[in-house]
Amino acid sequence: MKSNFKRVLAAAAASAVSAASFSAVMPVYAVGSSSADTFPFVIEGEDMEGATLWTQNYGPNPKNSSGDGFFYLTGSGASFKVTVPEDGMYTITARVAQTLDQNGRMETVMVNGIKRMMNVPYSEEWMDFNFGSFRLTKGENTIEFISEYGYFAIDKVTVSETPKHDYTLADGTLTDKNATPEAQSLMSYLKSVYGSHILAGQQEIYGGGHGGNYEWENEFLKDLTGKVPAIRGVDFMNYNPLYGWDDGTTERCIEWATERNGIVTASWHINIPKDFANYELGDRLDWKQATYKNYQSGEGSKDFDTRNVVVKGTKEYDYFQLAIADLAEQLLRLQDAGVPVIWRPLHEAQGNEGNYSDGTAWFWWGDRGAETYKKIWKLLYTTLTEEYGLHNLIWEFNSYDYSNSATWYPGDEYVDIVAYDKYNVEYNRGDGKSSGPNLLAIPAKFDSLYNLTNGKKMVAMAENDTVPALDNLLVEDAGWLYFCPWYDGGEDGGTAFLGTNYQDHDELKKIYQSEYCITLDELPVDLYQNGGEPVYEEVSANYGDANCDGVVDMADAILVMQYLSGSKKYTISAQGLINADCVDPGSGLTSEDARLIRALVAGYISTGNLPVTKKEFADIVG
Ligand code: CA
């Protein structure tokens with residue numbers, strides 16, 4: 001039975017899950033297939049079809065060409081064919097030289113008719129350039145370097161199999177050391193299915209849409225697929241100091257988690273007064289006088305300076321505190337009911353950065369750039385966790401994946417999951433079509449967010465229009481933790497995100513009914529009870545034993561220093577992190593911990609003295 005299979009998986013250890021299910025879902029390559037090329041596949045530039053042999057460039061001449069010489073792309077391109085045994089992802093690199101544009105030059109590679117343009121930097125010597133990962137289809141594929149901007153030299157081209165993501169790198173522990181058992185349990189479950197399954201999610205309509213039927217989306221999906229999504233997406237927008245009203249969002253979350261055993265994720269469109277200068281703190285306003293847009297958008301608040309949100313003593317700071325208080329009241333109700341939340345505040349951080357003159361987001365929280373955004377994130381994080389005692393939150397950073405995601409990222413210690421919102425039906429399609437559902441799994445976006453944290457944080461598709469096709473997700477190794485289409489506003493004059501302009505209903509059925517996709521009925525019964533005790537509060541520490549081998553010796557001090565160097569090579573287990581944190585436990589690892597362990601090994605103190613306060617540390621070591 002399918003559902004039983006997934007329940008067994010959910011209960012098993014994370015590593016075993018990945019191994020077991022990968023073999024079930026990933027393509028199996030034909031052994032000894034005689035028709036396929038072998039990889040890495042290498043072709044000389046001058047041997048491509050349509051290429052001419054060059055040995056002398058117009059400009060500075062690259063030395064030591066491979067083969068007979070190279071192909072210099074000018075007025076017409078060149079191509080080659082490569083045959084693969086099954087659909088899969090392949091990386092195209094080329095040994096090139098570009099001696100025309102000091103600032104780089106856009107060059108185009110076309111794979112089976114789909115173009116990708118890349119900026120090739122200036123180089124007078126041969127340089128290995130990576131055009132990225134592409135999906136190749138079973139059988140023959142055509143790869144072309146076409147003449148658009150042209151004028152670059154291609155010595156040779158290599159096509160290699162793209163390595164699979166390592167989903168086991170994802171951290172299943174939470175940044176909040178006092179996370180509730182329910183939040184820990186949910187996080188452990190998410191980690192156990194990450195990379196081997198995708199969770200079905202769906203945003204609910206709110207504020208009285210669908211005639212007040214908040215189950216409309218779920219009923220629609222149940223009718224279409226026979227299944228109900230595992231994740232309910234909500235927004236806490238209507239709890240606010242201006243026109244705030246209770247539309248029952250919190251009750252629905254509690255019911256969803258406690259009675260239907262579902263998962264809750266929430267965003268928060270934070271409203272601010274449009275006329276902030278004349279707003280008296282605490283006044284009520286009509287919703288039409290409220291906004292969450294960029295101050296430069298024409299619909300934003302011209303005199304609300306986002307930079308002041310983090311500055312005590314300003315009106316913006318005080319207003320934000322009021323908004324947090326309204327929100328926290330609801331989140332505390334969820335915590336009291338034992339409901340954890342995949343919490344996605346300050347979403348779509350940088351928006352379509354570059355759209356406005358100062359290059360910032362469409363929401364006000366991003367409208368003064370990355371540094372202010374990150375400060376607001378940290379303020380919100382510390383206020384909710386420390387002042388309001390909220391520990392039921394799994395913090396999800398929702399980037400809009402421009403090349404600058406790293407500059408907007410609040411940091412590993414404030415983020416549990418990273419996410420992207422996929423809207424590519426109207427814009428940025430990339431599938432060669434001009435309308436209708438866009439079934440791409442957008443693997444390059446997935447890669448970008450996976451790489452943002454070196455695989456350490458799980459990657460989710462927090463919002464989307466079209467749910468990607470199952471086949472694309474599997475073949476392209478785009479292991480999104482969940483998908484979550486925005487609500488269907490069709491009947492209310494909004495966008496009909498579940499209609500056929502946005503969803504391919506056959507594909508939606510296929511993924512919902514697949515083994516790969518987890519729906520509400522397939523969540524484990526112990527979803528919120530399987531995390532056991534909060535990891536940091538109740539697990540006892542064997543202080544100093546960073547590598548958990550039962551003894552405290554120099555290897556532990558060295559491991560802590562290696563870990564602090566930031567190299568991915570050195571990891572410390574959750575228990576090890578607790579053990580090693582022996583100066584001021586709970587403060588996280590620093591070089592002081594390593595020095596204290598060294599002092600212990602050298603005999604200056606004994607294990608019975610651990611842990612120590614910072615002051616004791618100074619007395620012993622300083
Ligand atoms: Ca060559």
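A donor, for a calcium ion, is an N, O or S atom within 3.2 Å of the metal. The exercises below concern a predicted model.

**Exercise 1. The calcium site**

Determine which residues coordinate the calcium ion, and explain which parts of the chain the pair Gly 69 and Asp 155 ties together.

*Solution.*

Step 1. List the donors. Side-chain oxygens marked OE come from Glu 44 and Glu 46, with Glu 46 appearing twice. Ser 66 and Gly 69 each contribute the atom O, while Asp 155 contributes both O and OD. The distances run from 2.2 to 3.0 Å.

Step 2. Write the spacing of the donors along the chain. The pattern is E-x1-E-x19-S-x2-G-x85-D.

Step 3. Locate the pair. Gly 69 belongs to the loop between β1 (41-44) and β2 (71-73), and Asp 155 to strand β9 (residues 152-161); the two therefore tie together parts that are 86 residues apart in sequence.

Step 4. Classify the pair by accessibility, where buried means under 20% relative accessible area. Gly 69 has 2% relative accessibility and so counts as buried. Asp 155, at 0%, is buried as well.

**Exercise 2. An open sheet**

State the strand order of the four-stranded open sheet and identify its edge strands.

*Solution.*

Step 1. Recall the principle. Strands of a sheet pair through backbone hydrogen bonds, in either a parallel or an antiparallel manner.

Step 2. Give the order. The four strands are arranged as β3-β8-β5-β6, with antiparallel pairing.

Step 3. Find the edges. β3 (78-84) and β6 (114-120) each pair on one side only, so they are the edge strands. From one strand to the next, the twist averages 25 degrees.

Step 4. Examine one pairing. β3 and strand β8 (residues 139-146) are joined by seven bridges. Lys 81 has Thr 142 as its bridge partner in β8.

Step 5. Consider a residue of strand β5 (residues 105-111), namely Glu 107. Its relative accessible area is 0%, so Glu 107 is buried. Although Glu 107 and Asn 119 are 12 residues apart along the chain, their C-alpha atoms are separated by 6.3 Å.

**Exercise 3. A cavity and its lining**

Describe the second largest cavity by its volume and by the character of its lining.

*Solution.*

Step 1. Count the cavities. The whole structure holds two of 30 Å³ or more, and the second largest has a volume of about 30 Å³.

Step 2. Name the lining. The residues are Gln 202, Gln 203, Glu 204, Tyr 214, Glu 217, Asn 218 and Arg 232. At least two of the lining residues come from each of β10 (198-203) and α4 (216-225).

Step 3. Sort the residues by character. The lining comprises one nonpolar, three polar and three charged residues.

Notes:
Residues are numbered from 1 along each chain as its sequence is written. This is a predicted model: local features need pLDDT of at least 70, side-chain atom pairs count only at pLDDT 80 or more; totals for chains, interfaces and linings use all residues. Side-chain values use heavy atoms; hydrogens and water are left out. Donors are N, O and S atoms within 2.8 Å of the metal (3.2 Å for Na, K and Ca); water is not among the atoms, so sites may look incomplete. Buried means under 20% relative accessible area, exposed over 50%, partly exposed in between (1.4 Å probe, protein chains only). On a 1 Å grid over the protein atoms alone, a cavity is a set of points where a 1.4 Å probe fits but cannot get out, and a pocket is an open set with protein on both sides within 12 Å along at least five of seven lines; lining residues have an atom within 4 Å of a point. Grid points are joined across faces, edges and corners, and a volume is the space filled by probe spheres set on the points. Ala, Val, Leu, Ile, Met, Phe, Trp, Tyr, Cys and Pro count as nonpolar, Asp, Glu, Lys and Arg as charged, and the others, Gly among them, as polar. Two strands pair if DSSP finds at least two bridges between them. Axes are lines fitted to C-alpha atoms, for helices over the stretch in contact, and angles run from 0 to 180 degrees between N-to-C directions.
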